[in-house]
Amino acid sequence: MRTKSVGKKKINIVTLGCSKNVYDSEVLMSQLKANGKEVVHEDRGDIVVINTCGFIDNAKEESINTILDYVEAKNRGEVEKVFVTGCLSERYKPDLIKEIPDVDQYFGTRDLPILLKHLGADYKHELVGERLTTTPKHYAYLKISEGCDRPCSFCAIPLMRGGHVSTPIEKLVKEAQKLAKVGVKELILIAQDLTYYGLDIYKKRALAELLKELVKVDGIDWIRLHYAFPSGFPEDVLDIIREEPKVCNYIDIPLQHINSDLLKSMKRGTTHEKTNALLDKFREKVPDMAIRTTLIVGYPGETEERFQELKDWVREQKFDRLGCFTYSHEENTGAYVLEDDIPQEVKEARVEEIMELQSQISWEKNQTKIGQVYKCVFDRKEGNYFVGRTEYDSPDVDNTVLVPAENTYISIGDFANVKITSAEEFDLYGELL
């Protein structure tokens, strides 16, 4: 059967999952545009490329439902072709071909040149570092490495993304310079594991060296660190956070649990005592640091006593930001041989308990901010408010600062000083100074 040429077709990129997928979609869009293609992000198009997530059950379900929705649209004649790429496709390609055969082609996470060829485009090596950003123009993700070498028993990322590969510092600096030239003011450094950065190419942990070079980029005001691994964390990074005004007093460090037996089963390379010592070091070296973490509840063997230990620890540590997820029993991971012995309803109830506890902690912390003045960047206008963030808040996952829009004008992407006038669990309200 003859297929229609993709030469003049509009290509719609649909992104699911984490910020790493956002970054990959932006690279794909830049390559397509350089090939003269008309490309849009999550809009209407003749050809659809779905960048999927396959991390946990909920993400897989969302990816599959999205694929099915676009296959139905194709069968109705609303789109001509449906291509699927990303983590779900990397991990489950044979099953997907069998179960959803109406997709025109499936691609893995490392198949960008092949995907481009199917879209009538050539991979342009000279475009490395170029992206069409899909975030608001004033901030962008900067992926400093790909893949992961950690053996975490619950995690399927190495199955989908492969081993750890760092991007050289000079390439990342050039990419940051290009982003700054188009108006990006905040860089959010992402990776499967920031802590490991540099070990493969420099034979040492080089995150601090990277930060020293990135702060020199004109136009960049904030640099934020996401997804640091606790084991082997390079303490020289803390000195950079403390000393460099451009590096936000903020770190995202997924700790997952605190019970030493569960941490051993999870293959996290740490213990209750070592985790607390690391957090103490953070607060000693950077007293003003906001610490974000994520936890997993319902991992095999999480008894009521071990869950109580986790709750007591959350209450004791008083994290600035915290997310909590239910354990997902993923095939081909180390933990898959264990019995998934916690009922789903118990897992979900434990998430609610942790988040209720964190909500109270967040409310108490926010009350202490009333009357304080914070430098904020403003991401959008929503209803009657301009919505901003402090350096202690990452977009989409953390607290916001709301400034009434009446009799006030703020350009999106601008920084301004805001005096906090009232506070709720996750929102601060304030007025411009």
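**Entry 1: ground rules and the whole chain**

Before placing anything in a loop, I note that helices here are DSSP runs of H or I with at least four residues, strands are runs of E with at least two, and both are numbered from the N terminus. I am working from a predicted model.

I started with the overall tally. The protein chain comes to 13 helices and 18 strands. Then I checked the spread of the chain. For 433 residues, a compact globule would have a radius of gyration near 22 Å, and the protein chain has 22 Å, so the two agree. Along the principal axes, the C-alpha atoms fill a box of roughly 65 × 55 × 45 Å.

I also looked up burial and surface. Buried residues make up 53% of the 433. The exposed area is about 19500 Å², and carbon and sulfur atoms supply 48% of that. For contacts with a separation of 6 or more, residues 24 or more positions apart account for 74%.

**Entry 2: threonine 270**

I went to threonine 270 next and found it in the loop between α10 (260-265) and α11 (272-285). Is threonine 270 buried or exposed? Its relative accessible area is 12%, and since the cut-off for buried is under 20%, threonine 270 counts as buried.

I then listed its contacts, leaving aside neighbours within four places in sequence: Leu263 and Thr275. With threonine 275 there is also a polar contact, side chain to side chain, at 3.4 Å.

**Entry 3: the open sheet**

I traced the parallel sheet. It is open, has five strands, and its order is β2-β1-β3-β4-β5. β2 (38-41) and β5 (105-106) stand at the edges; each has a single partner strand, so one side of each lacks a neighbour in the sheet.

I looked closer at β1 (residues 10-15). Four bridges join β1 to β2, and the two run parallel. Within that pair, I found isoleucine 13 opposite histidine 41 of β2.

Helix α1 (residues 19-34) packs on this sheet, where it touches β1, β2 and β3 (47-52), and its direction makes about 170° with that of β1. Helix α2 (residues 57-75) packs on the sheet too, touching β1, β3 and β4 (81-86), with about 170° between its direction and that of β3.

**Entry 4: threonine 293**

Threonine 293 sits in strand β12 (residues 290-297). I looked up its accessibility: the relative accessible area is 0%, so threonine 293 is buried.

Which residues does threonine 293 touch, not counting those up to four places away in sequence? I noted Ile253, Pro254, Leu255, Phe319, Arg321, Leu322 and Gly323. With leucine 255 there is a polar detail as well: the side chain of threonine 293 reaches the backbone nitrogen of leucine 255 at 3.0 Å.

I also took a distance to leucine 338. It lies 45 residues from threonine 293 in sequence, and the C-alpha to C-alpha distance is 25 Å.

**Entry 5: the barrel**

I moved on to the five-stranded closed barrel, which runs β14-β15-β16-β18-β17 with mixed pairing. The twist from one strand to the next averages 55°.

I went through some of the strand pairs:

- β14 and β17 (residues 415-423) run antiparallel and are joined by five bridges; cysteine 376 stands opposite alanine 416 of β17.
- β14 and β15 (residues 385-389) are antiparallel as well, with five bridges.
- β16 (residues 400-404) and β18 (residues 427-432) run parallel, with three bridges; threonine 400 stands opposite aspartate 427 of β18.

The turn of the β14 and β15 hairpin caught my eye. There are two residues between the strands, and glycine 383 takes a positive phi near 60°.

**Entry 6: glutamate 382**

I finished beside that hairpin, at glutamate 382, which is in β14 (residues 373-382). Glutamate 382 stands opposite tyrosine 385 in β15.

How does glutamate 382 count: buried, exposed or partly exposed? At 47% relative accessibility, it counts as partly exposed, because 47% falls between the 20% and 50% cut-offs.

What does its side chain reach? I found a polar contact of 2.8 Å with the side chain of arginine 380. My last lookup was proline 404: it is 22 residues from glutamate 382 in sequence and 9.9 Å away in space, C-alpha to C-alpha.

Note on methods: Residues are numbered from 1 along each chain as its sequence is written. This is a predicted model: local features need pLDDT of at least 70, side-chain atom pairs count only at pLDDT 80 or more; totals for chains, interfaces and linings use all residues. Side-chain values use heavy atoms; hydrogens and water are left out. Buried means under 20% relative accessible area, exposed over 50%, partly exposed in between (1.4 Å probe, protein chains only). A polar contact is a pair of N or O atoms within 3.5 Å; within protein, one must be able to donate a hydrogen and the other to accept it, and residues adjacent in sequence count only if both atoms are side-chain atoms. Contact means heavy atoms within 4.5 Å. Two strands pair if DSSP finds at least two bridges between them. Axes are lines fitted to C-alpha atoms, for helices over the stretch in contact, and angles run from 0 to 180 degrees between N-to-C directions. The radius of gyration is taken over C-alpha atoms; the globule rule is 2.2 Å times the number of residues to the power 0.38. Accessible areas come from the Shrake-Rupley method with a 1.4 Å probe; for residues, only the protein chains shown count as cover.
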